Amino acid sequence: MKENFFQKDIETMSRKQLDELQLERLKWIVDYSMRNVPFYAERLTKAGVTAEKIKSLSDIQYIPFTTKDDIRDNYPYGLFGAKMKDIVRIHASSGTTGKPTVVGYTKNDINNWSDCVARLSAAVGVTDEDVAQISFGYGLFTGALGLHYGLEKLGCAVIPVSSGNTEKQAMLLKDFGTTVLISTPSYAMYMSEVAHDMGITNDELKLRIGLFGSEGCTMELRDKIEKGFGLFSTDNYGMSELMGPGVSGECVERNGLHFAEDHFLPEIINSQTGEKLAAGEEGELVVTTLTKEGIPMLRYRTKDITKLNYDVCKCGRTHCRMEKVGGRADDMLKIRGVNVFPSQIESVLAQIEGISPHYELVLTRKNYTDYLEVRIELMNANLLENYGQLEELRNLAVAKLKTVLGISAKVTLVAPRSLKRYEGKARRIVDRRNEGQ
Ligand code: DLL
């Protein structure tokens, strides 16, 4: 069997070697940022931090946090550390409101980025024999080009189909003999429905691996996608501010996403107090880029909620693993004082027979009280004719949601295929709470 490593010496470094490498690079990035980015020079000087004063990794705590607002306030290129002459690529965040957060890459950055993506692809068994269909949208979004360069570096035959035109996607899956699918999990789910509607069976496909990321995916949804397409998939995580995809990714053990610790230094903090938490404790992920030249990020607050595990993985990789992202600190819904993560709702729904994995959460406010409506799609239209069964299913969903969330939600069952499908990140929350009382 081929070994699933792209850079084995780096991926299996001892903790001691990793610590030393991180410390050396942390000093470098602090010095680099001070010399090249006036914003950091001012912040670090104010905090009394210099590269010389960093004696151990724990000294990172003296470095101030950086936030998305800092990037926006310095729009478009204010936080760039490299001159435009050395910038070879520009991307921007997928946010829908306000100015985008703009990021730049030098040649070295692109090279490191491709290595990180090649690593997580190799970790699930992708090789130069594979045909990879990239169904992320090409453009300012980092997903498509990030995976593209990494997979090409691994030697795959890359099909840059981009997102959308789902029937064509399904046709290409079959005709081009695609073996690896790259998309958001929600788009993969939708694509499998469309492929089956077109009469394409899994026997006609050569699909064997799914590299899914860019949004959360519960175990249950993953299971459905894997059964739908007959493939094995892994989750990978990243964000444009840090690089794009490739920040962390699962190996075949699927027991956490290995952080590319030679390029990124992760920490977990209490998102309310900013206090640093110990390994294994859940909180907000904060990341420092250790090699980025285009736009260095010092202690960037990702708002993503997770925890870190430093035990060496069964696969032999030593780089720490982050748990699948459970939600975002700012995505968390506060409903009648209770914290609710959409992923909790998704898990509950996935355990109920007869309903599809597509749902929508509608939040409204009446008399200063928040209400949650969960709109769920039925699998079988015949059920719409059977009031008794419909009520039974609805009551079951209401009861299960109440047990897990601790609050009651209204459940509305809707006809199969009636909810909107997404070709990129799914947007399942409709928040109408501020549309007047
Ligand atoms: O989504 C980068 C990416 C592209 C990652 C393709 C993986 C694959 P942004 O558009 O900047 O970048 O969005 C970043 O998406 O802070 C998370 O909240 C969320 N996110 C990304 N990957 C995952 C994942 C790309 N695997 C934001 N699980 C992040 C859960 C994810 N959430």
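Visitor: Which residues are the closest to the ligand?
Guide: This is a predicted model. In it, 22 residues surround the ligand. The closest of them are Ser214, Asp235, Asn236, Asp304 and Lys425.

Visitor: How far is the side chain of Ser214 from an oxygen atom of the ligand?
Guide: Ser214 is one of the closest residues. Take an N or O atom in the side chain of Ser214 and an oxygen atom of the ligand. Their separation is 2.8 Å.

Visitor: Which residue has a side-chain N or O atom 2.7 Å from a nitrogen atom of the ligand?
Guide: Glu215 offers a backbone N or O atom, and that atom lies 3.3 Å from a nitrogen atom of the ligand. We want a side chain and 2.7 Å instead. The residue is Asp235.

Visitor: Are the rings of Trp28 and Tyr32 stacked or edge-to-face?
Guide: The model has 6 aromatic pairs. In one of them, the ring centres of Trp28 and Tyr32 are 4.8 Å apart, and the planes stand at 25 degrees. Planes under 30 degrees apart count as stacked. So the pair of Trp28 and Tyr32 is stacked.

Visitor: What separates Trp28 and Tyr32 along helix H2?
Guide: Helix H2 covers residues 15-36. Trp28 and Tyr32 are 4 residues apart in this helix. The separation is therefore about one helical turn.

Visitor: Is Trp28 buried, partly exposed or exposed?
Guide: Its partner Tyr32 has a relative accessible area of 10% and is buried. Trp28 has a relative accessible area of 32%. Buried means under 20%, and exposed means over 50%. Trp28 is therefore partly exposed.

Visitor: Are the rings of Phe39 and Tyr40 stacked or edge-to-face?
Guide: The ring centres of Phe39 and Tyr40 are 5.2 Å apart. Their planes stand at 65 degrees. Planes over 60 degrees apart count as edge-to-face. So the pair of Phe39 and Tyr40 is edge-to-face.

Visitor: Is Tyr40 buried or exposed?
Guide: Phe39 is buried, with a relative accessible area of 15%. For Tyr40 the value is 2%. Under 20% counts as buried. Tyr40 is therefore buried.

Visitor: Which residue lies over the face of Tyr359?
Guide: Charges sit over rings here too. The charged end of Lys292 sits over the ring of Tyr105, 5.7 Å from the ring centre. Over Tyr359, the distance to the ring centre is 4.8 Å. The residue there is Arg428.

Visitor: Where does the residue with a positive phi of about 50 degrees sit, and which residue is it?
Guide: Strand E18, residues 355-366, pairs with E19 in the antiparallel sense over 9 bridges. Within that pairing, Leu363 has Leu372 of E19 as its bridge partner. E18 and E19 form a hairpin with 2 residues between them. In the turn, the residue with the positive phi is Asn367.

Visitor: How many residues of strand E19 are buried?
Guide: Strand E19 spans residues 369-378. That gives 10 residues, and the strand is mostly covered. The number buried is 7.

Visitor: Which residue of E20 is the bridge partner of Val374?
Guide: E19 also pairs with strand E20, residues 410-414. This pairing is parallel and runs over 5 bridges. The bridge partner of Val374 is Val411.

Visitor: Which helix joins E19 and E20 in a right-handed β-α-β unit?
Guide: The unit takes in E19, a helix and E20. The helix covers residues 387-405. Its name is H11.

Visitor: Which residue makes a 3.2 Å polar contact with the side chain of Asp370?
Guide: Asp370 is placed in strand E19. It is buried, at 9% relative accessible area. One polar contact of 2.7 Å joins its side chain to that of Arg365. The contact of 3.2 Å joins it to the side chain of Arg433.

Visitor: Is Asn382 buried or exposed?
Guide: Asn382 lies in the loop between E19 and H11. Its relative accessibility is 57%. Over 50% counts as exposed. So Asn382 is exposed.

Visitor: Which strands are at the edges of the open sheet of 4 strands?
Guide: The order in this sheet is E10-E11-E12-E15, with antiparallel pairing. An edge strand pairs on one side only. The edge strands are E10 and E15.

Notes:
Residues are numbered from 1 along each chain as its sequence is written. This is a predicted model: local features need pLDDT of at least 70, side-chain atom pairs count only at pLDDT 80 or more; totals for chains, interfaces and linings use all residues. Side-chain values use heavy atoms; hydrogens and water are left out. Buried means under 20% relative accessible area, exposed over 50%, partly exposed in between (1.4 Å probe, protein chains only). Two strands pair if DSSP finds at least two bridges between them. A crossover is right-handed if, with the strands pointing away from the viewer, the path from the first strand over the helix to the second runs clockwise. Rings of Phe, Tyr and Trp (its six-membered ring) pair if their centres lie within 6.5 Å; planes under 30 degrees apart count as stacked, over 60 as edge-to-face and the rest as tilted. A charge sits over a ring if NZ of Lys or CZ of Arg is within 6 Å of the ring centre and within 35 degrees of the ring normal. A residue is near a molecule or strand if one of its heavy atoms lies within 4 Å of it. A polar contact is a pair of N or O atoms within 3.5 Å; within protein, one must be able to donate a hydrogen and the other to accept it, and residues adjacent in sequence count only if both atoms are side-chain atoms.
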